[in-house]
Amino acid sequence: MKKRLLFGFALAGVCLYYACRGLSIREMATSFSLANPRWILLAVGIYTIGFFLRALRWTILLEPIKMIPASQLFAPLAIGFFANNILPFRMGEFVRAHVTGRKFRISRTTSLGTVLLERICDTLSFLTTFAVVAIFFPFPASVEKGAAALGTSCALVIAVLIIIMRHQERFHVIVDRLPMKPAWRLKIHEAVSHFAHGVSGMRQLRHVFRALALSLVIWTIEGTMLYLMARAFQVPLHYPQSFFLLFFLGLSVTLPQAPGYVGTMELFGVTALALLGIPKQQGLPLILAIHGTQFIYICLFGAWAMWHEGLSVQSLMAKRDPATDPE
């Protein structure tokens, strides 16, 4: 874990160096001083709508397990995003499962299964966006390979989930034959059963289609937010081009990295804008503003959610309590 974390910080430092190389602080300060705050506020408003839709999508994915209103899922959702900001390697997904399991008295493994379904919906919508944008703006070969790898990984995950759901009993028989302690065998049985329960929404097409439809709307909102931020900084980014940028930024968060996606997001962002003919002098302040706005927004939202739920960062790392995490 420490080696991966050190690698993430090293990668962030290298990416920041190349993203900022050749620019002066004075140039960036001038760009920030000329930004129009009205467009930024509008972008934040659009981004907020995206959070409401994410909570609604999560409600849909949780329906086969437990009916939970979207309004009650805002806090766990915000806490998960907040944890992704301060912890490396997207550990916020596990934190979100922890908080949800404790709050609604469902298995954390089941909750994690719904989070995984959410990520699959995001990936499929993300790749759909890529396919549409690629018609108008050709991507570099390396990016196309990255998209292909992402699509292949997503297909493999879906295949594994289908196998788990359809062949649970066979898997349990195999585990029973393994030479291990009965307590370990029981834990494996429980984990697989709860996880399969969490992804059981895949069996109901109406849940899948509703979640995918919302995912497409969410990614459209993400692209619109980038477009509005570009308007705030007078960057000549057309609306379809904002989705070209969105895909690069999406790829940047898939790499091993330091907390908050620092460095990778900046380098991928200025690279995408450079491919669109936008120089680094204009591009980097925009990417820093996008990243900073999202980071601050999520931290404030997450801090409120932590206070609302009576949690602290230390409590999120506490050991599992069977009384509050029923299996």
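Rings of Phe, Tyr and Trp (for Trp, the six-membered ring) count as a pair if their centres lie within 6.5 Å, and the pair is called stacked if the planes are under 30 degrees apart, edge-to-face if over 60, and tilted otherwise. The model on screen is a predicted one, in which local features need pLDDT of at least 70 and side-chain atom pairs count only at pLDDT 80 or more, while totals for chains, interfaces and linings use all residues. Residues are numbered from 1 along each chain as its sequence is written, and side-chain values use heavy atoms, with hydrogens and water left out.

**Aromatic rings**

Begin by selecting Phe-126, Phe-130, Phe-137, Phe-139, Trp-219, Phe-244, Phe-247 and Phe-248, which ring pairs link into a cluster. By the pairing rule, the count comes to 21 aromatic pairs. One of them is Tyr-47 with Phe-51, which is edge-to-face because the ring centres are 5.6 Å apart and the planes stand at 80°. These two residues are four apart in helix H3 (residues 37-62), and so are separated by about one helical turn; helices here are DSSP runs of H or I, at least four residues long, numbered from the N terminus. Both Tyr-47 and Phe-51 are buried, a term that stands for under 20% relative accessible area, with exposed meaning over 50% and partly exposed in between (1.4 Å probe, protein chains only).

Next, select Phe-301 and Trp-304, a stacked pair with 5.9 Å from centre to centre and 20° between the planes. Both lie in helix H13 (residues 280-309), three residues apart, or about one turn of the helix. Trp-304 counts as partly exposed because its relative accessibility is 37%.

**Around Val-115**

Move to Val-115 in helix H6 (residues 108-136), which is buried, with a relative accessible area of 2%. Apart from neighbours within four places in sequence, Val-115 is in contact (heavy atoms within 4.5 Å) with Trp-58, Glu-93 and Arg-96. Two of these partners also meet each other: Arg-96 lies over the face of Trp-58, at 4.5 Å from the ring centre, where the rule asks for NZ of Lys or CZ of Arg within 6 Å of the ring centre and within 35 degrees of the ring normal. If Leu-62 is added to the selection, its C-alpha atom is separated from that of Val-115 by 9.4 Å, although the two residues are 53 apart along the chain.

**Two loops**

Select Arg-105 in the loop between helix H5 (92-104) and H6, where phi is near 55°, a positive value in a residue other than glycine. Arg-105 is partly exposed, at 48% relative accessibility. Then go to Gln-234, in the loop between helix H10 (205-232) and helix H11 (239-252); its phi is also positive, near 55°, and its relative accessible area of 45% makes Gln-234 partly exposed.

**Helix packing**

Stay with the helices on either side of that second loop: the axes of H10 and H11 come within 8 Å and cross at roughly 110°, the axes being lines fitted to C-alpha atoms over the stretch in contact, with angles from 0 to 180 degrees between N-to-C directions. That makes H10 roughly perpendicular to H11, since angles of 65 to 115 degrees are given this name, whereas those under 35 are roughly parallel, those over 145 roughly antiparallel and the rest oblique. Residues making the contact include Trp-219 and Tyr-227 of H10 and Tyr-239 and Phe-243 of H11.

Finally, select helix H12 (residues 264-275) with H13, which pack at about 135° with their axes 9 Å apart, so H12 is oblique to H13. Among the residues in this contact are Gly-269 of H12 and Gly-283 of H13.
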